[in-house]
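Please load the model in your viewer and keep the sequence panel open beside it. We will go from the whole chain to single residues, one selection at a time.

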Amino acid sequence: MGLVLGICCGFAQAQSTAIVPAPGRAPAELPGKELAQHDFVYSGESHERRVFIVRGGKVVWSYDDPAGKGEISDMVMMSNGNILIAHQFGLTEIAPDKSVVWNYVPPEKHEVHTAVPIGMDRVLYIENADPNAVLRVVNIRTGAVEKEFPLQVKKPVSVHPQFRHARLTANGTVLVAHLDLNKVVEYDADGKELWSFPGEHGVWSANPLANGNVLITDGLGVREVTRRGDTVWSWSKADAPEYKFASLQNAWRLKNGDTVINNWVNEWTKNGDNAPGAAQAIEVTPEKKIVWALREWGTGGGVNLGPATSIQFLDQGDGPAEDVHFGEIR
């Protein structure tokens, strides 16, 4: 599948498609500093497959692929400014000048919804497939597959809902959100299951925390769980009744202890829950107070960020995103 890059007009096109926020989806006055609350990279499952970099309250870079097929399910920016996206029907690494550094197109009827860079030369990804979904590490310079093992799925023929997010831990293992099997599993680099935790109504993401716990997003909401399986913090839609959430897919823990929770809006299925204009993300304190709500749909001359799926915060002092390992692979 070829990619069409919005080199000149991505930001302008995003501005021109303003959406009036649907009434009753969020309070009229939102807490926080709007785009200036954080520096971040943002992408979502929009028709136009957009990526934005926000610094100092302004969009400083954008990517727009309205001619592409599929959805951006996962995204990460590396220390050299390149951005790796998993867009359902492939993987693409894009340079700051919007040239394509690397592109992978899976076989027909296969899908890729998550990817993690390992150094500058390797990418770990999961390929949803029938009959065998696989976790794979490929050297993008040589094309060599350096690691591969199968992953269990509930229904092989139903490829789309198999997997969404996988993340590497500081110990060189990988946390995999089994969406269709409704559980989180931690694997070592040989594919051995080390730990698992059951979800509720579909597990979308599992992010490792610095304290060793795991932040899980599923149908219940967001839960921080220990390796013993104890829930030490949780948040659900009922904790913010004034905000109308279509669906939750991901959550991120900030250095100050706050948690940012996305509000995924499905642009393909039209119903009341998916009405655009709701807050795209909220930041909540450990006490569940909302201190920031992001709602940028292009009104008032602003930018239409579109639905939220992946947010990478650039103001947290984190090390390079690619500074991870999977077993002995670095």
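Colour the chain by burial to begin: of its 330 residues, 56% count as buried, where buried means under 20% relative accessible area, exposed over 50%, and partly exposed in between (1.4 Å probe, protein chains only). This is a predicted model, in which local features need a pLDDT of at least 70 and side-chain atom pairs count only at pLDDT 80 or more, while totals for chains, interfaces and linings use all residues. Residues are numbered from 1 along each chain as its sequence is written, and side-chain values use heavy atoms, with hydrogens and water left out.

**The whole chain**

Zoom out first. The C-alpha trace spans about 50 × 45 × 40 Å along its principal axes. The radius of gyration is 19 Å, which agrees with the value near 20 Å for a compact globule of 330 residues; this radius is taken over C-alpha atoms, and the globule rule is 2.2 Å times the number of residues to the power 0.38.

Switch on the surface: the chain exposes about 13400 Å², and carbon and sulfur atoms supply 51% of that area. Accessible areas come from the Shrake-Rupley method with a 1.4 Å probe, and for residues only the protein chains shown count as cover.

In cartoon view, look for one helix and 24 strands. Helices (H or I, at least four residues) and strands (E, at least two) are DSSP runs, numbered from the N terminus. Contact means heavy atoms within 4.5 Å; among contacts between residues at least 6 apart in sequence, 51% join residues at least 24 apart.

**Where to be careful**

Now colour by pLDDT, the predictor's confidence in each residue, from 0 to 100. The chain averages 91, and 92% of the residues score at least 70. Select residues 1-16: their pLDDT is below 50, and beyond near neighbours in sequence this stretch has 42 contacts in the model. Where pLDDT is low, the predicted coordinates should not be read in detail.

**First sheet: strands 4 to 7**

Select strands 4, 5, 6 and 7, which form an open sheet in the order 4-5-6-7 with antiparallel pairing. Two strands pair if DSSP finds at least two bridges between them. At the edges are strand 4 (74-77) and strand 7 (100-104), each pairing on one side only. The twist averages 10 degrees from one strand to the next; axes are lines fitted to C-alpha atoms, for helices over the stretch in contact, and angles run from 0 to 180 degrees between N-to-C directions.

Zoom in on strand 6 (residues 91-94), which pairs with strand 7 over four bridges in the antiparallel sense. Which residue in strand 7 is the bridge partner of Glu 93? Show the side chains and you will find Trp 102 there, while Ile 94 has Val 100 as its bridge partner. Follow the hairpin between these strands, with five residues between them, to Lys 98, which takes a positive phi near 75 degrees.

**Second sheet: strands 20 to 23**

Next, select strands 20 to 23, an open sheet in the order 20-21-22-23 with antiparallel pairing. Strand 20 (251-253) and strand 23 (290-294) are its edges, each pairing on one side only. Between strand 21 (residues 259-262) and strand 22 (residues 281-284) there are four bridges, in the antiparallel sense. Thr 259 stands opposite Val 284 here.

**Strand 24 and its partner**

Show strand 24 (residues 310-313) in sticks: Ser 310 and Gln 312 point one way, Ile 311 and Phe 313 the other, and all are buried. In a regular strand the side chains alternate between the two faces of the sheet. Add strand 1 (residues 40-43), joined to strand 24 by four antiparallel bridges, with Ser 43 opposite Ser 310.

**Single residues worth a click**

- Leu 175 sits in strand 13 (residues 174-178) and is buried at 0% relative accessibility. Leaving aside neighbours within four places in sequence, its contacts include His 165, Val 184, Trp 195 and Val 214.
- Arg 49 lies in the loop between strand 1 and strand 2 (50-55). This residue has a positive phi of about 55 degrees although it is not a glycine, and is buried with a relative accessible area of 0%.
- Asn 182 is in the loop between strand 13 and strand 14 (183-187). Its phi is positive too, about 60 degrees, and it is partly exposed at 23%.
- Pro 131 is in the loop between strand 9 (122-128) and strand 10 (133-139). The peptide bond from Asp 130 to Pro 131 is cis, with omega near 10 degrees.
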